[in-house]
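This briefing is meant to be read alongside the sequence and the coordinates. Please keep both in view while going through the points.

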Amino acid sequence: MAERLLTVTNLKTHFFTDEGVIRAVDGVSLTIDKGDTLGVVGESGCGKSVTALSIMRLIPQPPGRIVEGEIRYNGRSLLELPPAQMRKVRGKEISMIFQEPMTSLNPVFTCGEQIAEALRLHEGLGRRDAMDKTVEMLKMVRMANPERRVKEYPHQLSGGMRQRVMIAMALSCNPKLLIADEPSCNPKLLIADEPTTALDVTIQAQILELLNELKSRLGMAVMLITHDMGVIAETAQRVVVMYAALVAEEAAVGELFKEPLHPYTQGLLRSIPRIDLAATQKRRLETIQGVVPTIKGDIAPGCRFAPRCPYVKAVCTEKDPVLKEVKPGHKVACWLY
């Protein structure tokens, strides 16, 4: 049995605005085992990034607040940690690669200074030692001419280079959990929030290959957030499909692609272009009609996917479906099962 690293139970993160309460995350539960990659997929606005920011306790307060739920990392409750202790966990044990490196990097500091800051804070290194370690980290992420790049500013680098800087920063203290997110500290989790956004397909492939290699070398777990099912198929062991601030389906990657159960997951997979069929079958690419609803104020009972679902029936609009295991390791929240 794999050892559990992170457990999120019934997480609810709401934003209290002048226009009402936005239920950005409204009851999400997931787990990550040590050394595994968990893929989190879904359309924009379904709550993927807010879930990751909640784990990191980076929700802006106000207007946001974690109103319910539990987040346990290595047996510790992150929501009960004082701010000073949480700062020691963040970046050292749990790191995050943010979605857009151009806006996540500070434009007035060099790339080297921004990576070295984490090393000085968590490792206690002096300025010179931290910069030497920064050069090593850039070499590890295959940055060309790292001695020069540490002196350059984000606007002087390409998109792929900036993403490598973000990865080097996230890995500088060797985290145990990378949220995609010989060092003296030993963190375990990296959260990668759409780490290939705005990159061309060649650079995307290089970044994903790099993440896989570093995960194996450093023994991390990875939470990979994306809307690209192809990325999930290549990199993850398990996948969570989110819809409208909730988990719609969870399964091993192979099982999910072989037999998706939730109508939303089926729609996502049907919307992927099939290169193997393009030469013999000419057909329009399928889409899921409608958009993800805004989860605001009081929510009417029933499945949140019902207005877009081709299999909707009476019970779907009357009662909320519960996420339950219908096969070993395969969970789904749908009244069809």
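The points below cover confidence, the nonpolar cores and one buried acidic residue, Asp26. The model is predicted; its mean pLDDT is 84, with 90% of the residues at 70 or more.

**Confidence**
- Strand β13 (residues 330-332) has the highest confidence, at a mean of 96, and helix α12 (residues 275-278) the lowest, at 62.
- Over residues 181-187 pLDDT stays under 50, and in the model this stretch has 28 contacts beyond four places in sequence.
- Where pLDDT is low, the predicted coordinates should not be read in detail.

**Nonpolar cores**
- The largest nonpolar core holds 35 residues, and the members that touch the most others are Leu6, Ile32, Ile94, Leu177, Leu189 and Ile191.
- Another core, apart from the largest, has 30 residues, including Val150, Leu157, Val165 and Leu210.
- In soluble globular proteins, nonpolar side chains tend to be buried together.
- Beyond its neighbours within four places in sequence, Ile32 contacts Arg4, Leu5, Leu6, Leu38, Leu177, Leu189, Ala221 and Met223.

**Asp26**
- Asp26 sits in strand β2 (residues 20-33).
- Its relative accessible area is 11%, so Asp26 counts as buried, the cut-off being under 20%.
- The side chain of Asp26 makes a polar contact of 3.2 Å with the side chain of His14.
- Not counting neighbours within four places in sequence, the residues in contact with Asp26 are Leu11, Lys12, His14, Ala245, Leu246 and Arg304.

Key: Residues are numbered from 1 along each chain as its sequence is written. This is a predicted model: local features need pLDDT of at least 70, side-chain atom pairs count only at pLDDT 80 or more; totals for chains, interfaces and linings use all residues. Side-chain values use heavy atoms; hydrogens and water are left out. pLDDT is the predictor's confidence in each residue, from 0 to 100. Helices (H or I, at least four residues) and strands (E, at least two) are DSSP runs, numbered from the N terminus. Contact means heavy atoms within 4.5 Å. A nonpolar core is a set of buried Ala, Val, Leu, Ile, Met, Phe, Trp, Tyr and Cys residues joined through side-chain atoms within 4.5 Å. Buried means under 20% relative accessible area, exposed over 50%, partly exposed in between (1.4 Å probe, protein chains only). A polar contact is a pair of N or O atoms within 3.5 Å; within protein, one must be able to donate a hydrogen and the other to accept it, and residues adjacent in sequence count only if both atoms are side-chain atoms.
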